[in-house]
Amino acid sequence: MLLFNDCGLFEPGEVHLVEEMFDGWIAGRLARPDHRWFVAGDDAGIAGAGYLAADIMADRVFNLLFLAVHSRARRGGLGDALIAHGEVAARDDAGRLMLIETASGPETAAARALYARRGYALDGRIIGYYGKGIDKLIFRRTL
C-alpha cells in the first residue's frame, strides 16, 4: 500500500509486515475486537490510517500503535482527526488512558508537536530502542 511506503516509518523490508496486518483487517481476520484500524481517504486513495489496541496488561489503557498520513495530505489536519477518532473509540470502550509511541529525531518532530497540541505529555524514553541514537518516546494522555 502506498501509505505504508510513503509514511517514512518503516524500512523497505518492514513494510510487508504492516501490509499483512492491514490486509488481514480488510479481509475480516482481525481477531480482537479491541484492536482496530481506521482509515481516511481522499480522491487519490487512502490518505491516512491509525491502529488502536487495548493493552491487555493494564486497566483500560489504549495504545495508538500506528499513525500515518500520506505526504500529499500532511499539514491539513488529518493526523489530528485520526488521533481524535482513536480517542473517541478508546472512550467508547471505557478507556481511561491513551498512549502513543514514536521515535526520536527530526523526522518525527511534527508528530511530536501534534501530540503536544492534543494534550499528550512525554512520559517515557527508552534510549536506543529503535537503534543507535534513536530513542523510543512514549506520550500519555488521560481520556
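**Buried, partly exposed, in contact**

User: Why is F38 called buried?

Analyst: F38 has a relative accessible area of 6%, and buried means under 20% (exposed is over 50%, partly exposed in between; 1.4 Å probe, protein chains only), so F38 makes the cut. Mind you, this is a predicted model: local features need pLDDT of at least 70 and side-chain atom pairs 80 or more, while totals for chains, interfaces and linings use all residues. Numbering runs from 1 along each chain as its sequence is written, and side-chain values use heavy atoms, without hydrogens or water.

User: What does F38 touch, not counting residues up to four places away in sequence?

Analyst: F38, in strand β1 (residues 35-42), touches G48, A49, G50, Y51, L52, L64, L82, H85 and G86; contact means heavy atoms within 4.5 Å. The C-alpha atoms of F38 and G86 are 8.1 Å apart, though 48 residues separate them along the chain.

User: Which residues touch the most other members of the largest nonpolar core?

Analyst: Among its 22 residues, those are L52, L78, L82, I83, I100, Y115 and Y120. Helix α3 (78-92) is one of the elements supplying at least two residues, and α3 gives the most, with five. Beyond its neighbours within four places in sequence, L78 contacts A40, A47, G48, V69 and A73.

User: What makes I134 partly exposed?

Analyst: The relative accessible area of I134 is 32%, which sits between the 20% and 50% limits, so I134 is called partly exposed. I134 belongs to strand β6 (residues 134-142).

Technical notes:
Helix = DSSP H or I, 4+ residues; strand = E, 2+ residues; numbered from the N terminus. Core = buried A, V, L, I, M, F, W, Y, C linked by side-chain atoms within 4.5 Å.
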